[in-house]
Amino acid sequence: MKYSQNPKFPDGFLWGASSAAWQVEGGTDAGGRTPAIIDLNSQTKKPYADNSVASDHYHHYKEDVALMKECGFTSYRFSLSWSRIIPAADRKVNPKGIEFYNNLINELVAAGITPIVTLYHYDMPVWVDEKYGGWYDRGIIDEFDYYCRVCFEHFGDRVKYWLSINEQNMQIIYGDWLGVSKGSKNWFEEKWQVNHIMNMCHAKAVVACHEMVEDGKIGPVPGYVPIYPETCKPEDQIGALNAEELTQKIWNDFYYYREYSTFVQSYWKENKIDPKILPGDMEFMKEAKIDFIAVNCYRSDVGKWPDPTFKQEIGLNKSGIKGDFTYPNFPGEYALARNPFVEVTDWDWHIDPVCMRYSLRYMWNLYHLPMVITEAGYGAHEDVDENGEIHDPERIEYLREYAYNVGLAIQDGVEVFGFNPWSFTDLLSTGNGMAKRYGLVFVNRTDDDLRDLRRIKKESFYWYSRLIKSNGTDWGKEMK
Ligand code: BGP
């Protein structure tokens, strides 16, 4: 296939960036917010890094929005902190929490930036955890419904794009890492029960949004990592398909069809798993018709048929951290492997811009729903140079190629309405604090030293600004 011109992005395409409350806000005990489980994790679990200050967006939001405006943003995706809005089990709404988000949203709207708001991004309030054992107890379903309704009531007049739960698939797959499994010895079975409860919560958010927000649209946020078969060996196709099902397709099919696929049902049967679906659940879920899919896509993976004799190698990754990254091998299901055709980041994440086009094409073929990119990004070790500047050509290259491939997918006929890479300012990485930076804007702090938290525009800020202001025509170099 040959294109004679640059891909054309539609008018009104939403160019912006993305963040999450616990990774960017700080101010964890300011304005009546109570702790979230992730705060405790960030203070005790290595290599997480203490989130009590993070990027201090809580106190710098005006400056941050002004920088977004300068860059030319037309959208900004961020999340709300549940325990800032409802700090305790008495369900009282915290006026200061509402005020903070009202201020942020008003600032964005005044700057011509469309807010795209995630209801839940890993920050379970401690009070919910104490009362219900996290996602383990169905009591959370009503609690989440109540919280979502409070958000829709207070912000739904200005926020029209809503996202339910960030990367539910990753929270189930990496239950321990993200604090969902609570160290359960029986997670293999329990994860499907927890997942069902999360699905109910997602469905509650969708139904309430449509009920309460005039012209409101809502979608899920899968963490999408497309799987390429390692070889054309027939068994590797099945290994790759299994990997895809068990890491993402089960979730995406559920969001779209609002019923459990025959694949997952037979997987449960085979493994004697009871997901504890109650009468009425499936009927309720049927009402939760999503409007779009928000796609987080950083990388691809390689899938193959697992090797039954395989022994897990604890190797050195590119950053030289021993044992930081290993490829899973699940006998009878699938194994993942390194892709020799693409480069990797310092954390061994495949850098594969084509996977963006591939994912969008693939998802479009399956679901025919509009999509918005809510994450993609380049994590790297960075600091200011001797001139006080940050030059990040690798990030520019990454974002250029990923955005270009979004354009190619649009040219292929896929409906995509926005590109919001991770992240605007530097913020805490999920598990690597400030050591792994993603921002277009540098935040002058490290994990150990808060310095002055100054915002410094990186080279990528200026490059992205030109791309946005030209609506995706000024790539800063000739594209093929
Ligand atoms: C996504 C999460 C984000 C973000 C990102 C980068 O899966 O939604 O919260 O952290 O990954 O991951 P990391 O911070 O581990 O590099």
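At 0% relative accessibility, Ser75 counts as buried, a class that takes in residues under 20% relative accessible area, whereas exposed residues are over 50% and partly exposed ones lie in between (1.4 Å probe, protein chains only). The structure is a predicted model, in which local features need pLDDT of at least 70 and side-chain atom pairs count only at pLDDT 80 or more, while totals for chains, interfaces and linings use all residues. Residues are numbered from 1 along each chain as its sequence is written, and side-chain values use heavy atoms, with hydrogens and water left out.

**Two buried serines**

Ser75 lies in strand S2, which covers residues 75–79; strands here are DSSP runs of E of at least two residues, and helices are runs of H or I of at least four, both numbered from the N terminus. The side chain of Ser75 makes a polar contact with the side chain of Asn420 at 2.7 Å. A polar contact is a pair of N or O atoms within 3.5 Å, of which, within protein, one must be able to donate a hydrogen and the other to accept it, and residues adjacent in sequence count only if both atoms are side-chain atoms. Leaving aside residues up to four places away in sequence, Ser75 touches Leu14, Trp15, Gly16, Ala17, Ile113, Thr114, Ile116 and Asn420, where contact means heavy atoms within 4.5 Å.

Ser55, by comparison, is found in the loop between helix H2 (37–44) and helix H3 (57–71), and Ser55 is buried as well, with a relative accessible area of 0%. The side chain of Ser55 reaches the backbone oxygen of Asp426 at 2.6 Å. Among the residues that Ser55 touches, not counting those up to four places away in sequence, are Gln23, His60, Asp426, Met434 and Arg455.

**Helix H11 and Tyr404**

Helix H11 spans residues 262–270, and its buried residues are Val264, Tyr267 and Trp268. Seen down the axis of H11, these buried residues fall within an arc of 100 degrees, so they line one face of the helix; the arc is that of the directions from the helix axis to the C-beta atoms. An α-helix has 3.6 residues a turn, so residues three or four places apart point the same way. On the other side of H11, Thr262, Lys269 and Glu270 are exposed, while the cover over the buried residues of H11 includes helix H9 (187–212) and helix H10 (234–257).

Tyr404 belongs to helix H14, residues 393–411, and counts as buried at 5% relative accessibility. Apart from residues up to four places away in sequence, Tyr404 touches Asn6, Pro7, Trp475, Met479 and Lys480. The C-alpha atoms of Tyr404 and Ile86, which are 318 residues apart along the chain, are separated by 41 Å.

**Backbone geometry**

Several residues carry a positive phi, as set out below.

| Residue | Phi | Place |
|---|---|---|
| Arg258 | near 60 degrees | loop between H10 and H11 |
| Lys272 | near 50 degrees | follows H11 |
| Asn471 | about 45 degrees | segment after helix H15 (459–469) |

Arg258 is buried, with a relative accessible area of 15%, whereas Asn471 is partly exposed, with a relative accessible area of 21%. The peptide bond from Trp422 to Ser423 is cis, with omega near 10 degrees, and Ser423 lies in the loop between strand S14 (416–419) and strand S15 (441–443).

**Cavities**

The structure holds five cavities of 30 Å³ or more. A cavity is a set of points, on a 1 Å grid over the protein atoms alone, where a 1.4 Å probe fits but cannot get out, and lining residues have an atom within 4 Å of a point; grid points are joined across faces, edges and corners, and a volume is the space filled by probe spheres set on the points.

About 100 Å³ of space lies in the largest cavity, which is lined by 14 residues, with Ile37, Tyr120, Met124, Gly179 and Val180 nearest its centre. H2 gives the most to this lining, with three residues. By class, the lining of the largest cavity has eight nonpolar, four polar and two charged residues, where Ala, Val, Leu, Ile, Met, Phe, Trp, Tyr, Cys and Pro count as nonpolar, Asp, Glu, Lys and Arg as charged, and the others, Gly among them, as polar.

The second largest cavity has a volume of about 60 Å³, and the residues that line it include Tyr298, Trp349, His350, Gly377 and Lys436. Its lining divides into five nonpolar, four polar and one charged.

Conventions. On a 1 Å grid over the protein atoms alone, a cavity is a set of points where a 1.4 Å probe fits but cannot get out, and a pocket is an open set with protein on both sides within 12 Å along at least five of seven lines; lining residues have an atom within 4 Å of a point.
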